[in-house]
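Biologist: I would like to learn how to read features of a model like this one. Could we go through them one at a time?

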Amino acid sequence: MRMYDIIEKKRNGLPLSDREIHFFIDGYTNGTIPDYQISALLMAIYFQGMTDEESALLTMAIVESGKTVDLSAMKGIKVDKHSTGGVGDTTTLILCPLVASVGVYVPKMSGRGLGHTGGTIDKLEAIPGFHTELSNDKFIELVNTNRLAIIGQSDDLAPADKLLYSLRDVTATVNSIPLIASSIMSKKIASGADKIVLDVKVGSGAFMTSKEDAEKLAQLMVNIGNHVGRKTVAILSNMNEPLGNAIGNSLEVEEAIETLRGNGPSDLTELSLELGSHMVVLAEKANTLEEARKLLEENIKNGKALETFQRFITSQGAKFDLVQDLEKLPRAKYKVDIFSDHTGYVERINANEIGKASVALGAGRVTKEHDIDLAVGFILHKKVGDYVAKGEPLCTLYANRNDIDGVKQLVKNSYYFSKTKKTEQIIIETIE
């Protein structure tokens, strides 16, 4: 078998076989196939696409390029959740303890952020003492005991994905739906979950800015998951404005706790309940989404969700009751209100611009080597549909430096106003 023939076949729009896909994945992983040939193949895939079957075969070849996590020692159905990312996306910190509180097993492997704010691991590390480096035995023990543990992704999982992504990043082939889908699903499958819920973001602050592309990606990931025996459901959710009110790692931890207490923003609460309901049904802890939602809402009201969160962070190193002492979280030196220059209803907020402002403050990273300032960020006071008078605060900025005029202008420029009220729906569509 020659790599030349595989490139030519895909260039001509023909589907690749399982053997051909394994040949190029194995060869690239072990260094016998050079970058320039894989680059050519990636570009051919970018233009010609892949069938659903090809995408599933590619996903499994990437999974098999490294180790897989054996979760058979965990007692129940294991359900994982993945978000395609956005601005202020705090759902994992809420969702995991919330569904664990009704008995769902949630063994979660998460990564660090590259972009708007930190990833789940960065956010959790805003909790003093919390650590994500656990042995596999300890990971399994904590999930069996608490129904929940969150650790960092191992470098041994799907190593071919990291190699391919590095190449896609420099060859303008990142925005290929089959390559995105196989990248996401390979890590979820290698992580060992039985069933998967996907939160696919759509809008200005999302990787997929159009509903059409988001639907294609979601449907393909669902098809891949179901094809390889992992029941998968995808929720399309709105990212045309930041999710919730908090943007920034420490601020988002605090907002997650308030949401578990029952005081969270309506959009963040609704998305968490929607995703959580699907997880509960997939775990066979409820027969319908309505029944699952009632269980989740009850555990917010009676405090069990918050108790599960505290038990989870204590088990992973937090030395104090964070729920009762939020002042233990990192705090920024400066707190500055940003005021509106306009009167009217907020028509839209460019989430991508808010994300850029967050990175400029230090809440996100441009490269993987950059350090994150866990204390900085924003609290939004006005969102889409809210009325604003000139001179009212749009948001409060938290910073550790005082040269922030450029950041303030980015935030102001991200707000658009109109004379009429408009609302945004957080849940767009469900794909199964």
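Modeller: Start with contacts, in what is a predicted model. Setting aside neighbours within four places in sequence, Ser 272 touches Thr 91, Ile 94 and Leu 95.

Biologist: Where does Ser 272 lie?

Modeller: Ser 272 belongs to helix 12, which covers residues 266-282.

Biologist: Is Ser 272 buried or exposed?

Modeller: The idea is to compare the relative accessible area with a cut-off: buried means under 20%. Ser 272 has a relative accessible area of 1%, so it is buried.

Biologist: Now a whole helix. Which residues of helix 7 are buried?

Modeller: Helix 7 runs over residues 136-146, and its buried residues are Phe 139, Ile 140, Leu 142, Val 143, Asn 144 and Asn 146.

Biologist: What do the buried residues of helix 7 pack against?

Modeller: Their partners are two helices and two strands: helix 5 (91-100), helix 14 (304-315), strand 2 (106-110) and strand 3 (148-152).

Biologist: How should I read Asp 137, which is found in helix 7 as well?

Modeller: Exposed means over 50% relative accessible area. Asp 137 is at 63% relative accessibility, so it counts as exposed. One can also set distance in sequence beside distance in space: Asp 137 and Thr 29 are 108 residues apart in sequence, and their C-alpha atoms are 28 Å apart.

Biologist: Next, backbone angles. Which residue just after helix 7 takes a positive phi?

Modeller: That is Arg 147, with a phi of about 70°. Arg 147 is not a glycine, yet its phi is positive. It sits in the loop between helix 7 and strand 3. With a relative accessible area of 25%, Arg 147 is partly exposed.

Biologist: What is the phi of Ala 158?

Modeller: Ala 158 has a phi near 45°, again a positive value in a residue other than glycine. The loop that holds Ala 158 lies between strand 3 and helix 8 (159-170). Because its relative accessibility is 1%, Ala 158 counts as buried.

Biologist: Last, charge. Which residues gather in a patch of negative charge on the surface?

Modeller: To read such a patch, look for like charges joined within 9 Å, on residues with over 30% relative accessible area and no salt bridge. Here the patch of negative charge consists of Asp 18, Asp 26, Glu 53 and Glu 64.

Biologist: Where is the place of Asp 18, and how does its accessibility count?

Modeller: Asp 18 is in helix 2, residues 18-29. Its relative accessibility is 35%, so Asp 18 counts as partly exposed.

Technical notes: Residues are numbered from 1 along each chain as its sequence is written. This is a predicted model: local features need pLDDT of at least 70, side-chain atom pairs count only at pLDDT 80 or more; totals for chains, interfaces and linings use all residues. Side-chain values use heavy atoms; hydrogens and water are left out. Buried means under 20% relative accessible area, exposed over 50%, partly exposed in between (1.4 Å probe, protein chains only). Helices (H or I, at least four residues) and strands (E, at least two) are DSSP runs, numbered from the N terminus. Contact means heavy atoms within 4.5 Å. Patches are made of residues with over 30% relative accessible area and no salt bridge: like charges are joined within 9 Å, nonpolar side chains (Val, Leu, Ile, Met, Phe, Trp, Tyr) within 5 Å. Accessible areas come from the Shrake-Rupley method with a 1.4 Å probe; for residues, only the protein chains shown count as cover. A salt bridge is a side-chain nitrogen of Lys or Arg within 4 Å of a carboxyl oxygen of Asp or Glu. Lys and Arg count as positive and Asp and Glu as negative; His and the chain ends are not counted. The place of a charge is taken as NZ of Lys, CZ of Arg, CG of Asp or CD of Glu.
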